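Welcome, and thanks for opening the viewer. Let's walk through this model one selection at a time.

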Amino acid sequence: MTRVALVTGGTRGIGEAISIGLKEAGYKVAANYAGNDAAAATFKEKTGIAVYKFDVGNFDACKEAAEKIEADLGPVDVLVNNAGITRDATFHRMTPEQWNDVLRTNLDSVFNLTRPVYEGMRNRGFGRIINISSINGQKGQYGQTNYSAAKAGMIGFTKALAQEGAAKGVTVNCIAPGYIGTEMVRAGPAEVLNTKIIPQIPVGRLGEPVEVARCVTFLASDDAGFI
Ligand code: NDP
């Protein structure tokens, strides 16, 4: 039986690598994205993976999309909550928009998409929810009170739902990557990256998206049922 995986923000960056990794591992994959149609079209052409455009911050849109994906591909067995954004500002300059955009995209999204697929997972006795948090949700980061709060919130969600899902075969896990070389990270000034961020990374380089994807593929597998 081919399992179905839904990856939010699955057309670019870390999500793209996750979508490809899961496809290579034998899953039917649905990759969500927000608005970058050109990147999604290139991704679809390159990988053959189905793409679905909707806003993970909108509950009704997520519910409708989950129903469509399940009608197209079958019940979702693996959900990877990966979509995320940054809107950095020191707190004394942060606007309500910057706060709300980051909280709804990074944290509300986890509720919005897990909720429509979770009951099916419970009823079928198998499910994998994998949330992509961040090292900055664990240690905090200057200029990222919004992002650090959202990413820390994902960790709390994960720990709580993991307790509810375990007896029904639904595992819930969180990966908190360090800095990975995607557009999100490279969008900042190169000088900050080279003088402030990379020197703090023990291996002396940015991570690669595929290095996160391999971890996701493992957590999605039957082998990870006790985690
Ligand atoms: P990218 O900016 O490269 O890609 C983000 C993806 O999320 C895109 O596919 C984008 O769609 C999608 N997306 C953004 N907003 C929405 C939305 N409202 N609805 C649906 N999809 C949306 O990000 P990364 O690959 O760097 O990051 C992926 C995840 O990993 C994020 O949650 C991030 O916080 C986390 N992370 C990243 C780290 C890093 O160093 N890069 C480190 C630790 C965690 P579109 O293409 O349409 O814009």
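## Stop one: the ligand and its shell

Start by selecting the ligand together with the residues around it: 30 residues surround it, and the closest are G35, N82, Y147, I180 and T182. A residue belongs to this shell if one of its heavy atoms lies within 4 Å of the ligand. Before going on, please note that this is a predicted model, in which local features need pLDDT of at least 70 and side-chain atom pairs count only at pLDDT 80 or more, while totals for chains, interfaces and linings use all residues. Residues are numbered from 1 along each chain as its sequence is written, and side-chain values use heavy atoms, with hydrogens and water left out.

Now colour the shell by class. You should find 14 nonpolar, 13 polar and three charged residues. Here Ala, Val, Leu, Ile, Met, Phe, Trp, Tyr, Cys and Pro count as nonpolar, Asp, Glu, Lys and Arg as charged, and the others, Gly among them, as polar.

Switch to a cartoon view next. At least two shell residues come from each of α1 (13-24), β2 (28-33), α6 (145-165) and α7 (183-186). The elements are DSSP runs numbered from the N terminus, with helices (H or I) of at least four residues and strands (E) of at least two.

## Stop two: polar atoms at the ligand

Which atoms of N36, D55 and V56 should you label? For N36, pick the backbone N or O atom that lies 2.8 Å from a ligand oxygen. For D55, pick the polar side-chain atom 2.9 Å from a ligand nitrogen. For V56, a backbone N or O atom lies 3.0 Å from a nitrogen of the ligand. The protein covers 93% of the 910 Å² of accessible area that the ligand has on its own; such areas come from the Shrake-Rupley method with a 1.4 Å probe, and for residues only the protein chains shown count as cover.

## Stop three: from D55 to R104

Keep D55 on screen and add R104, which lies in helix α4 (residues 96-124). The side chains of R104 and D55 make a polar contact of 2.8 Å. A polar contact is a pair of N or O atoms within 3.5 Å; within protein, one must be able to donate a hydrogen and the other to accept it, and residues adjacent in sequence count only if both atoms are side-chain atoms.

Not counting residues up to four places away in sequence, R104 touches D55, V56, G57, N58 and S109, where contact means heavy atoms within 4.5 Å. Is R104 buried or exposed? R104 falls between the two, being partly exposed with a relative accessible area of 27%. Buried means under 20% relative accessible area, exposed over 50%, and partly exposed in between (1.4 Å probe, protein chains only).

## Stop four: T182 and T158

Return to the ligand and click T182, in the loop between β6 (170-175) and α7. T182 counts as buried because its relative accessibility is 11%. Leaving aside neighbours within four places in sequence, T182 is in contact with G13, I14 and P209.

Then move to T158 in helix α6. T158 is also buried, at 5% relative accessibility. Its side chain joins that of N131 through a polar contact of 2.9 Å. With neighbours within four places in sequence set aside, the contacts of T158 are N131, V172, N173 and C174.

## Stop five: the strands

N131 leads us into strand β5 (residues 127-132). Six of the six residues of β5 are buried, so β5 is largely enclosed by the rest of the structure. Try looking at each face in turn: G127, I129 and N131 are buried on one side, and R128, I130 and I132 on the other.

Add strand β4 (residues 78-81), which runs parallel to β5 and is joined to it by four bridges; two strands pair if DSSP finds at least two bridges between them. V80 stands opposite I130, and N81 has N131 as its bridge partner.

Next comes β1, parallel to β4 and joined to it by three bridges. Look for V7 opposite V80. Strand β1 (residues 4-7) also runs parallel to β2, with four bridges between them, and V4 stands opposite K28. Five of the six residues of β2 are buried, so β2 is largely enclosed by the rest of the structure.

## Last stop: F226

Finish with F226, in the segment after α9 (209-220). F226 counts as exposed, at 84% relative accessibility. Draw a C-alpha to C-alpha distance from F226 to T171: they are 55 residues apart in sequence and 7.9 Å apart in space.
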